[in-house]
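The exercises below ask the reader to work through a set of residues by hand, and each one is followed by a solution in steps. Please look over the sequence and the model before starting.

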Amino acid sequence: MEQDMEYRQQLISEYRAKVEPLLKYLTWLTQKQGTRMVSIYGGEGISENSVPFPVYDGTLMSFIKDAQKTGLLDRNYVYVYSRNRIRSVADEKRMIEQAELKTFDILTGILSKYVMGGMTKSTLWSQAVDEGIFMLVVQKMKDILEFWDKPLA
């Protein structure tokens with residue numbers, strides 16, 4: 001019993017250190033929910049033969065970089081999706097809502113899909129802000145950690 005409590009405290013402190021850098025974006029993510037975060041640059045001086053390219057919000061790019069540094073990302077997020085039968089945004093939102101400390105890997109899997117997947121399919125970043133996925137994941141991580149430990153800043 002004492003080992004379980006010790007393990008849980010160790011787990012919480014590890015997750016706490018990883019989640020704290022993302023908390024500064026929570027207000028911004030809440031405000032930007034339902035907003036398209038990408039614009040297409042095809043400005044003046046681009047000739048007919050040039051390809052317009054997407055331009056992302058600077059805060060979104062900072063969030064992505066900080067998320068990549070946290071150690072929360074899981075390269076095997078596809079297995080989290082298949083194991084939990086997550087197939088749509090509604091499934092993702094349902095799983096985020098139901099997540100607990102023992103299923104924290106679901107939250108990291110969903111975060112990983114959008115952050116890592118966005119490296120090759122960049123519309124995922126904008127979609128995650130628009131659908132509120134980033135906001136929901138970070139908020140749920142914060143709620144879980146505050147339930148088991150003291151409030152986060």
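Buried means under 20% relative accessible area, exposed means over 50%, and partly exposed lies in between, with a 1.4 Å probe and protein chains only. The model is predicted, so that local features need pLDDT of at least 70, side-chain atom pairs count only at pLDDT 80 or more, and totals for chains, interfaces and linings use all residues. Residues are numbered from 1 along each chain as its sequence is written, and side-chain values use heavy atoms, with hydrogens and water left out.

**Exercise 1.** Classify Phe-63, Tyr-25 and Asp-66 as buried or exposed.

Solution. Phe-63 has a relative accessibility of 0% and therefore counts as buried. Tyr-25, at a relative accessible area of 7%, is buried, and Asp-66, at 16%, is buried as well.

**Exercise 2.** Place Asp-66 in its helix and describe its surroundings.

Solution. Helices are DSSP runs of H or I with at least four residues, strands are runs of E with at least two, and both are numbered from the N terminus. Asp-66 belongs to helix α3, which covers residues 58–70, and the buried residues of α3 include Leu-60, Ile-64 and Ala-67. With contact taken as heavy atoms within 4.5 Å, Asp-66 touches Pro-21, Leu-22, Lys-24 and Tyr-25, when residues up to four places away in sequence are not counted. A polar contact is a pair of N or O atoms within 3.5 Å; within protein, one must be able to donate a hydrogen and the other to accept it, and residues adjacent in sequence count only if both atoms are side-chain atoms. The side chains of Asp-66 and Tyr-25 make such a contact at 2.5 Å.

**Exercise 3.** How many aromatic pairs does the structure hold, and what geometry do two of them have?

Solution. Rings of Phe, Tyr and Trp (its six-membered ring) pair if their centres lie within 6.5 Å, and planes under 30 degrees apart count as stacked, over 60 as edge-to-face and the rest as tilted. The structure holds 6 aromatic pairs. In one of them, the ring centres of Tyr-15 and Phe-104 are 3.9 Å apart with planes at 25°, so this pair is stacked. Tyr-15 sits in helix α1 (residues 2–23) and Phe-104 in helix α6 (residues 104–117), 89 residues apart, and both are buried. Tyr-25 and Phe-63 form an edge-to-face pair, with 5.4 Å between centres and 80° between planes. Because Tyr-25 lies in the loop between α1 and α2 and Phe-63 in helix α3, this pair ties together parts 38 residues apart in sequence.
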